[in-house]
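Student: I have a structure to study. Can we go through it one question at a time?

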Amino acid sequence: MTAHQDTRRVRIGAGAGYSGDRIEPAVELAEHGALDYLVFECLAERTIAIAQQARRRDPQLGYDPLLEARMRAVLPAAIRNGVRIISNMGAANPVAAAQKTAQIARSLGLDHVKIAAVTGDDVLNVVLHSDLRFEESGEPVAAYRERIVSANAYLGASGIVDALAAGADIVLTGRVADPSLFAAPLIHAFGWSMDDWRTLGQATVVGHLLECAGQVTGGYFADPGAKDVADLARLGFPIGEVSADGAVVITKVAGSGGRVTPATCKEQLLYEIHNPQRYLQPDVVADFSEVVVADDATDRVRVTGGLGTPRTGTLKVSVGYVDGYIGEGQISYAGPGAVARARLALDIVRERLAMTGVQTSELRFDLIGVNALHGETLGAQHADPYEVRVRVAGRTASADEAVRIGNEVETLYTNGPAGGGGVTKSTREVLAVQSVLLPREHATPAFTFVEA
């Protein structure tokens, strides 16, 4: 550092950790977080494939279903307080998401809001006409061509950085790597180089700590009697207070529920990490192996030491495809002999499905509360519960076949063991996801403005 050391701090709040997350903590951040940026991370692996299907039904859809509710809730405070918003709520249709957000801003009387849509992640046409193979199965993509509904590359920070540099108040993207949503405003604010691998590695640490929102403030951490967390019903979402060298203090709004401790931060740091020395991201190959987590004060934890090496020449692409249907039925039994009656119910349905010729490629018979998670070996070690829920689920080639599974469970009401109740049944299309590695030149981020 020179004598003119950069002492600026950038405050980034995490407004969501997944598509259906709570909205009130984001409003709290916009109103009381003294933020520079509020980031909503809302895309899971399958979410974007589901969004692509919605867009096919209606070209004006395909963005996050809670986009309107979130924007109506946070925009007044965010604009009033100068908080810029970044989100992948654009999902399969960032431009439509930006247009919808502009309508919302106008309806709220918010003028001159600059809204940018970042595109370039949709690489369906490239993947469909490639000779790529799936990383998980090794099968050629071509064998799935008729069933593929989406192919979205994990973009990095550059498209968001460009939009912010052009003056965007709100940036809506499709598939962008989760940490990149948080790295982008830091790159913009501090002028970091896109080949400053060490700093980008630490920026990835920042993004990874914040991306799941309430998990790092104690939400996913809580375990009564072992790891107690107060006031989870009012859980506060995290704030990252970042300095020019990338060092971050994780904190939250004073008085909000939850807690920020070295333990909550360490658990989030390791969440979904395969090799901490080579965490592959589109901006950098991050190295978490020398990260230091230290208590700074109550609900303030300092995290430093992230490293990085040059990014790879390929991008991960999530490919979504139709993979049949799942039919499911459930029914409950309670009281003395509940487990024995539930096992008889399973036997009946098993025989009925065979007798009536229901065609399945996979079939499960579970006793929820007994063996559904850990199988019979562990389940047999514990005394029978007083209540148990039967679940039968199967994968089929057609929706009609799937319906028959739930129907057979429902007929246990009058044709099965005594005391069954609370039947539910469902049929749903399966959207499976596999991955390919695509040379990064095939996914070029760009942005367009939609002004409110």
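Student: Which residue follows α7, and what is the sign of its phi?

Tutor: First, keep in mind that this model is predicted. Go to the end of helix α7, which covers residues 178-190. Phi is near 70 degrees in the residue that follows, so to speak of sign and name: positive, in glycine 191.

Student: How many of the 13 residues of α7 are buried?

Tutor: Buried means under 20% relative accessible area. Among the residues of α7 that meet this are Asp178, Leu181, Phe182 and Phe190. The helix is mostly covered, and the buried count is eleven.

Student: Where is leucine 38, and is it buried or exposed?

Tutor: Leucine 38 has its place in strand β2, residues 37-40. Its relative accessibility is 0%. The cut-off for buried is under 20%. Because of that value, leucine 38 counts as buried.

Student: Which residues does leucine 38 touch, leaving out those up to four places away in sequence?

Tutor: Some contacts come from lower numbers: Gly13, Ala14, Gly15, Ala26, Leu29 and Ala30. The others on the list are Val83, Arg84, Ile85 and Ile86.

Student: What separates the C-alpha atoms of leucine 38 and alanine 16?

Tutor: Along the chain, leucine 38 and alanine 16 are 22 residues apart. In space, their C-alpha atoms are separated by 9.4 Å.

Student: How many disulfides are there?

Tutor: A disulfide needs two cysteine sulfur atoms within 2.5 Å. A search of the whole structure gives a count of zero.

Student: How far is the nearest cysteine sulfur from that of cysteine 42?

Tutor: Cysteine 42 is in no disulfide. Its nearest cysteine sulfur belongs to cysteine 212, at 11 Å.

Student: Is cysteine 212 buried or exposed?

Tutor: Cysteine 212 is in no disulfide either. Its relative accessible area is 13%. Buried means under 20%. Therefore cysteine 212 is buried.

Student: What is notable about phi in alanine 34, and where does the residue lie?

Tutor: Most residues other than glycine have a negative phi. In alanine 34, phi is positive, near 50 degrees. The residue is exposed, with a relative accessible area of 57%. It lies in the loop between α1 and β2.

Student: What is phi of glutamate 272?

Tutor: Glutamate 272 sits in the loop between α9 and β9. It is exposed, at 58% relative accessible area. Its phi is positive in a residue other than glycine, near 60 degrees.

Student: Now the whole chain. How many helices and strands does it have?

Tutor: Both kinds of element are present. The counts are 13 helices and 18 strands.

Student: Why does the radius of gyration agree with a compact globule?

Tutor: The chain has 452 residues. A compact globule of that length would have a radius near 22 Å. The value agrees because the chain has 24 Å.

Student: What share of contacts joins residues at least 24 apart?

Tutor: Count contacts between residues at least 6 apart in sequence. The share that joins residues at least 24 apart is 78%.

Student: How far apart are the centres of the positive and negative side chains?

Tutor: There are 42 positive and 54 negative side chains. The centres of the two sets lie apart by 2 Å.

Notes: Residues are numbered from 1 along each chain as its sequence is written. This is a predicted model: local features need pLDDT of at least 70, side-chain atom pairs count only at pLDDT 80 or more; totals for chains, interfaces and linings use all residues. Side-chain values use heavy atoms; hydrogens and water are left out. Helices (H or I, at least four residues) and strands (E, at least two) are DSSP runs, numbered from the N terminus. The radius of gyration is taken over C-alpha atoms; the globule rule is 2.2 Å times the number of residues to the power 0.38. Contact means heavy atoms within 4.5 Å. Lys and Arg count as positive and Asp and Glu as negative; His and the chain ends are not counted. The place of a charge is taken as NZ of Lys, CZ of Arg, CG of Asp or CD of Glu. Buried means under 20% relative accessible area, exposed over 50%, partly exposed in between (1.4 Å probe, protein chains only).
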